[in-house]
Amino acid sequence: MDRVTLAGTTLEISPLCLGGAPFGAPLSDAESFALLDHFVELGGNFIDTARIYSDWIPGEKRRSERVLGDWLQARRTRDGLVIATKGAHPDLDRASSPRTSAADLRSDLEGSLQKLRIETIDLYWLHRDDPTRPVEHFVDTLNVFLREGKIRAWGVSNWTTPRLRAAHDYAQRSGQLCFVANQPFWCLGHLQAKPPGFDGWVKLDAAMHAFHAETGIAVIPYTAQAKGFFTKLNLPFWKRPLELARHEFHTPANVALGRVVAEIAGARGVTSNAVVLAYLWTRAFPVVPIIGASRPVQLDDNFAALGFRLTPAEMRALETASCSGL
Ligand SMILES: NC(=O)c1ccc[n+]([C@@H]2O[C@H](COP(=O)([O-])OP(=O)(O)OC[C@H]3O[C@@H](n4cnc5c(N)ncnc54)[C@H](OP(=O)(O)O)[C@@H]3O)[C@@H](O)[C@H]2O)c1
């Protein structure tokens, strides 16, 4: 399988990234191991977790990182894997109080290294921004971690385009390593969905798309499959889940968009989900979707979609029906 090289690094990542938010809860440890094993069997090597996952479920803290660390130890498979985790997230009960001092960033990083039981994090994400701090603070601090060998590269998640530009310009001016990837909320129909059930998200929009087209920096979007909405919508009506009307993506505009997805999928002989994924990676800059999965069999479908690209006419039809402004 082709790998994507993250510009400015030697990191070679699979064209799909496995999302780790459900590791340990709601997925059991054994189910998480099965998902990780199957992802690697299919050729995947890029795994995304975060210090905060899944602290919103009562009980154990830092569960997702712990489960990933257990799996790495059990399988002895660190070589060739690209492990990404995130820090700088506010405490869940104090969402409006950023945790972004140099001490907070270091404490999160050290905590993640301990939970994962690894020496270096391949790609370290800043999970949230804090616009009260200058971008220089983040670029300088992350470059200290790079020089210490604790991370191999860094990225940003949920940052706005003006902040991306400012950090990019400062890193260039100061001769330091810039973020090598951006992790926004992006999928087909995301601008027409109901707000997600958590704070601090930033959606990719036309300005952010232009930034990536200009710089060639990779986008590694989350909620990349619209949480399976278009697949569920395009099932025969007797198989559709009863709760579909309450789905985050269920709005009149996305139901209309679903018809365009179904037409393209039917004409090209692929699944609705293949159209949803190809909408992201049919771009002039690298896009590596983070995929959530509740069952290993979903990964087969995701990997089967990899070679599929949309035509310019199909892209136009999807952009128009999703009012993306791209
Ligand atoms: N940086 C951030 O702030 C942030 C925020 C959110 C998430 N994330 C990252 O992104 C990851 C994924 O997030 P997400 O769960 O929202 O993403 P998602 O991939 O859009 O949604 C996952 C859901 O899509 C459905 N699905 C998966 N494969 C499918 C297939 N082949 N066909 C049809 N449906 C399929 C499944 O739904 P069913 O189980 O209902 O079938 C699955 O639970 C997280 O684990 C985390 O790593 C990051």
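Two strands pair if DSSP finds at least two bridges between them, and in this predicted model strands E6 and E7 (residues 154–157) meet that condition with three bridges in the parallel sense.

**View 1. The open sheet and its two edges.** The eight strands of an open sheet follow one another in the order E9-E8-E7-E6-E5-E4-E3-E10, and their pairing is parallel. Strand E9 (218–219) and strand E10 stand at the edges, where each of them pairs on one side only.

**View 2. Strand E6 between its two partners.** Strand E5 (residues 82–87) and strand E6 run parallel and are joined by four bridges, with Ala84 standing opposite Leu123 of E6. Between these two strands the chain passes through helix H3 (residues 102–116), and the resulting β-α-β crossover is right-handed. Towards strand E7, Tyr124 has Trp154 as its bridge partner, and the β-α-β unit made by E6, helix H4 (residues 135–147) and E7 is likewise described as right-handed. How are the side chains of E6 (residues 123–126) directed? Leu123 and Trp125 point one way from the strand, whereas Tyr124 and Leu126 point the other way, and all are buried. In a regular strand, side chains alternate between the two faces of the sheet.

**View 3. The surroundings of Lys86.** Lys86 belongs to strand E5, and its bridge partner in E6 is Trp125. Is Lys86 buried or exposed? A residue is counted as buried if 20 or more other C-beta atoms lie within 10 Å of its own, and Lys86, with 26 other C-beta atoms within 10 Å, is therefore buried. When its neighbours within four places in sequence are left aside, Lys86 is in contact with Ala50, Arg51, Trp125, His127 and Ser157. Of these contacts, Ser157 is 71 residues apart from Lys86 along the chain, while the C-alpha atoms of the two residues are separated by 8.7 Å.

**View 4. Helix H1 and its buried side.** Helix H1 (residues 29–41) consists of 13 residues and reaches 18 Å from its first C-alpha to its last, close to the 18 Å expected at 1.5 Å a residue. Ser32, Leu35, Leu36 and Phe39 are the buried residues shown in this helix. These residues lie on the same side of H1, because they cover an arc of only 95° around the axis. The cover over the buried residues of H1 includes strand E3 (17–19), helix H2 (63–75) and helix H10 (296–304). On the face of H1 that is turned away from its buried side, the exposed residues Ala30 and Glu41 are found. Just after the helix, Gly43 adopts a positive phi of about 110°.

**View 5. The shell around the ligand.** The ligand is surrounded by 25 residues, of which Gly19, Ala21, Gly228, Gly292 and Ser294 are the closest. Two elements, strand E10 (290–291) and helix H10, give two or more residues to this shell. Which element provides the largest share of the shell around the ligand? That share comes from helix H10, which contributes three residues; helix H10 is also among the elements that cover the buried residues of H1.

Conventions. Residues numbered from 1 in each chain as written. Predicted model: local features only at pLDDT ≥ 70, side-chain atom pairs only at ≥ 80, totals over all residues. Expected span 1.5 Å × (residues − 1). Buried ≥ 20, exposed ≤ 12 C-beta atoms within 10 Å, placed from the backbone. Arc of directions from axis to C-beta. Contact = placed C-beta atoms within 7 Å. Right-handed = clockwise from strand over helix to strand, strands pointing away. Near = placed C-beta within 6 Å.
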